[in-house]
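Reader: I've got a model open on my screen and I'd like to know where the labels come from. Can we go through it together?

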Amino acid sequence: GIIDEDLRRLVLLFGDVIKLSLSNLKLRDTLLERAIRDPLTGLFNRRYLDETLVRELHHADRGKTPLCLAMLDIDHFKIFNDENGHEAGDEVLKAVGEIMKNSTRVSDIACRFGGEEFVLVLNGVDASAALPHVEQICREIKRRQVICNGKSLCAVTVSVGVAEAPAHGVSPEELLR
């Protein structure tokens with residue numbers, strides 16, 4: 001049978017509404033991803049850490065399980081940037097981000113805290129178990145050969161601080177300090 005012209009227009013209009021709705025959902029997901037991820041490293045950002053760490057600490061307290069927080073800071077990063085340029089600095093930040101992503105369990109949270117600082121939240125791990133894991137990440141960062149514009153950059157090192165909840169604090173502020 002022949003479809004009535006009004007019904008055909010209605011079906012096309014309905015299809016357009018569905019396409020627009022799907023497009024809006026995709027845009028919302030993209031905006032959400034940008035709101036919680038650092039665009040350079042792909043790691044979670046500080047906003048995500050601020051929102052999540054309170055919840056993670058609550059879960060750890062309720063379950064009476066340890067939680068460790070490690071802050072990694074790239075040593076002498078300003079000097080590195082001044083000597084090698086910001087593009088090289090970005091390549092180093094990406095490399096550190098990749099190492100952190102590849103070195104974390106599903107239950108861990110790796111974040112770019114800001115600038116050259118990174119934070120790793122290790123759930124269910126006390127400081128004695130966290131230290132060898134974090135030291136391994138430091139060794140991988142030091143070993144990583146970073147190339148920028150065909151030039152091999154000098155190795156970078158990181159300084160790390162590790163805090164365990166509740167021994168070193170029960171709030172995000174106390175642990176980050």
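Author: Sure. A strand here is a DSSP run of E with at least two residues, a helix is a run of H or I with at least four, and both are numbered from the N terminus. By that numbering, Pro 166 is found in the loop between strand 6 and helix 6 (172–176). Keep in mind that this is a predicted model.

Reader: What makes the peptide bond from Ala 165 to Pro 166 cis?

Author: Its omega, which is near 0 degrees. For background, most peptide bonds are trans.

Reader: On to the sheet. What is the order of the strands in the open sheet?

Author: The order is 2-3-1-6, with antiparallel pairing across the 4 strands. Strand 2 (109–114) and strand 6 (158–165) are the edges, because each has a single partner strand, leaving one side without a neighbour in the sheet. From one strand to the next, the twist averages 20 degrees.

Reader: How do you know that strand 1 pairs with strand 6?

Author: Pairing takes at least two bridges. Strand 1 (residues 67–74) and strand 6 are joined by 8 bridges and run antiparallel, so they pass that cut-off. Strand 1 also pairs with strand 3 in the antiparallel sense, over 7 bridges, and 5 bridges join strand 2 to strand 3, again antiparallel. Asp 73 is a handy residue to click on: Ser 159 stands opposite it in strand 6, and Glu 117 is its bridge partner in strand 3.

Reader: Why is strand 3 called largely enclosed?

Author: Because 6 of its 7 residues are buried. Helix 5 (residues 127–143) lies across strand 3 (117–123), as well as across strand 1 and strand 6.

Reader: And why does Asp 108 count as buried?

Author: Buried means under 20% relative accessible area. Asp 108 has 8%, so it counts as buried. This residue is found in the loop between helix 4 (86–102) and strand 2. Leaving aside neighbours within four places in sequence, Asp 108 is in contact with Val 121, Leu 122 and Asn 123.

Reader: What makes the pair of Asp 108 and Arg 105 side chains a polar contact?

Author: The cut-off for a pair of N or O atoms is 3.5 Å, and one atom must be able to donate a hydrogen that the other can accept. The two side chains come to 2.6 Å, so the distance is within that cut-off.

Reader: Why is helix 3 called oblique to helix 4?

Author: The two pack at an angle of about 135 degrees, with their axes 7 Å apart. Roughly perpendicular runs from 65 to 115 and roughly antiparallel starts over 145, so an angle between those two counts as oblique. That puts helix 3 down as oblique to helix 4. By class, their contact has 5 nonpolar, 4 polar and no charged residues. Among the residues that meet are Phe 77 and Phe 80 in helix 3, and Val 92 and Leu 93 in helix 4.

Reader: Last one: how do you know that Lys 64 and His 76 are exposed?

Author: Exposed means over 50% relative accessible area. Lys 64 has 69%, so it is exposed, and His 76 at 62% counts as exposed too. Lys 64 is found in the loop between helix 2 (46–63) and strand 1, while His 76 lies in the loop between strand 1 and helix 3. Phi of Lys 64 is near 55 degrees, a positive value in a residue other than glycine, and the description fits His 76, with phi near 55 degrees. Most residues other than glycine have a negative phi.

Key. Residues numbered from 1 in each chain as written. Predicted model: local features only at pLDDT ≥ 70, side-chain atom pairs only at ≥ 80, totals over all residues. Heavy atoms only, no water. Axes fitted to C-alpha atoms, helices over the stretch in contact; angles between N-to-C directions. Contact = heavy atoms within 4.5 Å. Buried < 20%, exposed > 50% of the residue type's maximum accessible area, 1.4 Å probe, protein only. Parallel < 35°, antiparallel > 145°, perpendicular 65-115°, else oblique. Nonpolar A, V, L, I, M, F, W, Y, C, P; charged D, E, K, R; others polar.
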